[in-house]
Amino acid sequence: MKKISAIAAAVLVTSLSLAQTTASSYFLEGFNQRNQLNPAFAPERDIVVSVPLLGNLQLGANGSAGLGNFIYQSQADPDRLTTFMSSEVDRDGFVNGLPDVFRIGAGLNMDILSVGVGGENGFTSAGLRLRNDNNVGIPREMFGFMKAGLSNGTYLIEDINVNSTTYLELSVNHSRRIIAPLRVGATVKLLAGIDYTDVNIDRIDADFSEDAWKVRTNASFTQSLPGGKIEYDGEDNSIEGIDYSFSAPESFGLALDLGAEYDMAQFVEGLKVSASITDIGFIRWKDLDRFVTRNDEYVTFSGFQDYDVMGDGDDSDTDLLEDDFSDMLKLYEDGKSAMAVATAATLRAGAEYVLPWVDWIKCGELLTCRTGKWGFFESRTSLVLSPCGWFDFSGNVAFSTRGTSGGLIASFHPSAVTLFIACDCMKTSLNRQYIPLERFGAEVNAGISLALGGKSER
């Protein structure tokens, strides 16, 4: 597994879905963190305190291809695994099996601490959260070039991006009923940047000539990491690693959430509609270290070699792959700078309907659109069951530009404790180690909090 991870990481020399509160919870009134999806929502009870670090923890990952696209069983030795780079793997069959752009993302969303208090019409809460987002996008032409070896050809590869963002979020939310059917809310957030890393390759031109490749690259590497120092090799023009010591955040920003909910009972009994936009904001990253290629510089490159996952117990194959990328990309120091980077906003619109003949069953439809480079659109249909005052359950199915998925969430909320667990996942094939072999997507969300006081008329 170490080599599998290293090979995936080395695809762009250096490895770098922002996880959010699960969308399955949008229509669960017993879920205390719904205001993270729509700031107009408020908890059932007047006092809510999350258990530190365990109040709301979410892990998520998604990919447009899986391990089965890159790892193969060796034809020469069936007990041995090999990578797509092996000469045993047919180049055209491998490349044609990939999506146009191989995307993979992973994220973390964790409530460190939150507390909220409310009354008959309003509810105010404050919280501290840790958020992390990692995304990789590689066009399949890059993998075709890696498989080309020393053969005649010309390649143009465009728009490769690897991005990682980590920050703390200190938020204050207020939700209030304006008139009987209308409730509105807003959340103001102070953002403190912990890490921003961006590898952007706009263009690679490669041409085979005289037993070697001539490669010209237009690329940049940018990073802001408080307490971090990039180890740069000026002779090989390569980044060797990062020397890190703890330091307080130096980059800050602001963000805003807005939301509203309207009870349509005067028109259709049991119908509510809602809408929100979250994470409208930015972080101004300071002390960005920047390294760039020289766009007019051609590098002589001898091509990629065969690599095995299971070797002789050393990392020689991994080292060779890293060396190959270092030979192809020459990076030069471009000084320090500061830059404001917008957060990816998310728009949501929902409608829920309580069945007139069974008031503990309702159905809901949620439309979600995330903006930015890694954006997506999703339609999620939910069935919510609330058979008693302390238990809610929801099952749902979602259709999105990332694929079809299903979700489940259960929320237990007796008088003092609220506990929930949720899982959204896309159907995929797994190996014996539970590693996805094809396109995949999964999010796991769980948390526990204290909910005190009586149920409010909110």
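Start by selecting F145: leaving aside neighbours within four places in sequence, its contacts are Y155, I157, A206, W213, V215, F301, F304 and M328. Keep in mind as you click around that this is a predicted model.

**Stop 1: the cores**

Now widen the selection to the largest nonpolar core, which has 37 residues. The members that touch the most others are M142, F143, F145, W213 and M328. To colour the core by element, pick α2 (91–96), β6 (122–139), α3 (140–146), β7 (154–179), β8 (182–209), β9 (212–224) and α4 (316–328), each of which gives two or more residues. The largest share, 5 residues, comes from β8. Apart from this core lies another one of 12 residues, and A23, Y26, V384 and A422 are among them.

**Stop 2: following the strands from β8**

Stay with β8 and add β12 (residues 251–263): the two pair in the antiparallel sense over 12 bridges. A good place to zoom in is A192, whose bridge partner in β12 is F252. On to β13 (residues 271–292), which pairs with β12, again antiparallel, over 11 bridges. Here, select Y262 and its bridge partner in β13, V273.

**Stop 3: V89**

Next, go to the loop between β4 (81–83) and α2, where you will find V89. Is V89 buried or exposed? Its relative accessible area is 10%, so V89 is buried. Show its surroundings: beyond the neighbours within four places in sequence, V89 is in contact with Y72, T83, F84, F94 and K147. If you like distances, draw one from the C-alpha atom of V89 to that of I71; it reads 9.7 Å, for two residues 18 apart along the chain.

**Stop 4: a nonpolar patch on the surface**

Switch on the surface and select I47, V117, W390, F412, V417, L419, L450 and L452, a nonpolar patch with about 660 Å² of accessible area together. Both β21 (417–426) and β22 (440–455) supply at least two of its residues. W390 sits in the loop between β18 (376–388) and β19 (391–400), and is partly exposed at 46% relative accessible area.

Now look at β21 alone. In a regular strand, side chains alternate between the two faces of the sheet. The covered face of β21 holds T418, F420, A422, D424 and M426, while V417, L419, I421, C423 and C425 make up the uncovered one. Add β20 (residues 403–412), which runs antiparallel to β21 and is joined to it by 8 bridges. A hairpin of 4 residues connects β20 to β21, and S411 has F420 as its bridge partner in β21.

**Stop 5: salt bridges**

The whole structure contains 20 salt bridges. Begin with E29 and K362, whose side chains meet at 3.7 Å, N to O. This pair links distant parts of the chain, 333 residues apart: E29 is in the loop between α1 (2–9) and β1 (45–50), and K362 is in β17 (residues 361–370). E29 is partly exposed at 37%, whereas K362 counts as buried at 8%.

Then select D289 and K336, which meet at 2.6 Å, N to O. D289 lies in β13 and K336 in β15 (residues 332–342), so this salt bridge ties together parts 47 residues apart in sequence. D289 is buried at 17%, but K336 is exposed at 56%.

Finally, R290 forms a salt bridge with D334, with the closest N and O atoms 3.3 Å apart. This pair also ties β13 to β15.

Conventions. Residues are numbered from 1 along each chain as its sequence is written. This is a predicted model: local features need pLDDT of at least 70, side-chain atom pairs count only at pLDDT 80 or more; totals for chains, interfaces and linings use all residues. Side-chain values use heavy atoms; hydrogens and water are left out. A nonpolar core is a set of buried Ala, Val, Leu, Ile, Met, Phe, Trp, Tyr and Cys residues joined through side-chain atoms within 4.5 Å. Buried means under 20% relative accessible area, exposed over 50%, partly exposed in between (1.4 Å probe, protein chains only). Contact means heavy atoms within 4.5 Å. Two strands pair if DSSP finds at least two bridges between them. Patches are made of residues with over 30% relative accessible area and no salt bridge: like charges are joined within 9 Å, nonpolar side chains (Val, Leu, Ile, Met, Phe, Trp, Tyr) within 5 Å. Accessible areas come from the Shrake-Rupley method with a 1.4 Å probe; for residues, only the protein chains shown count as cover. A salt bridge is a side-chain nitrogen of Lys or Arg within 4 Å of a carboxyl oxygen of Asp or Glu.
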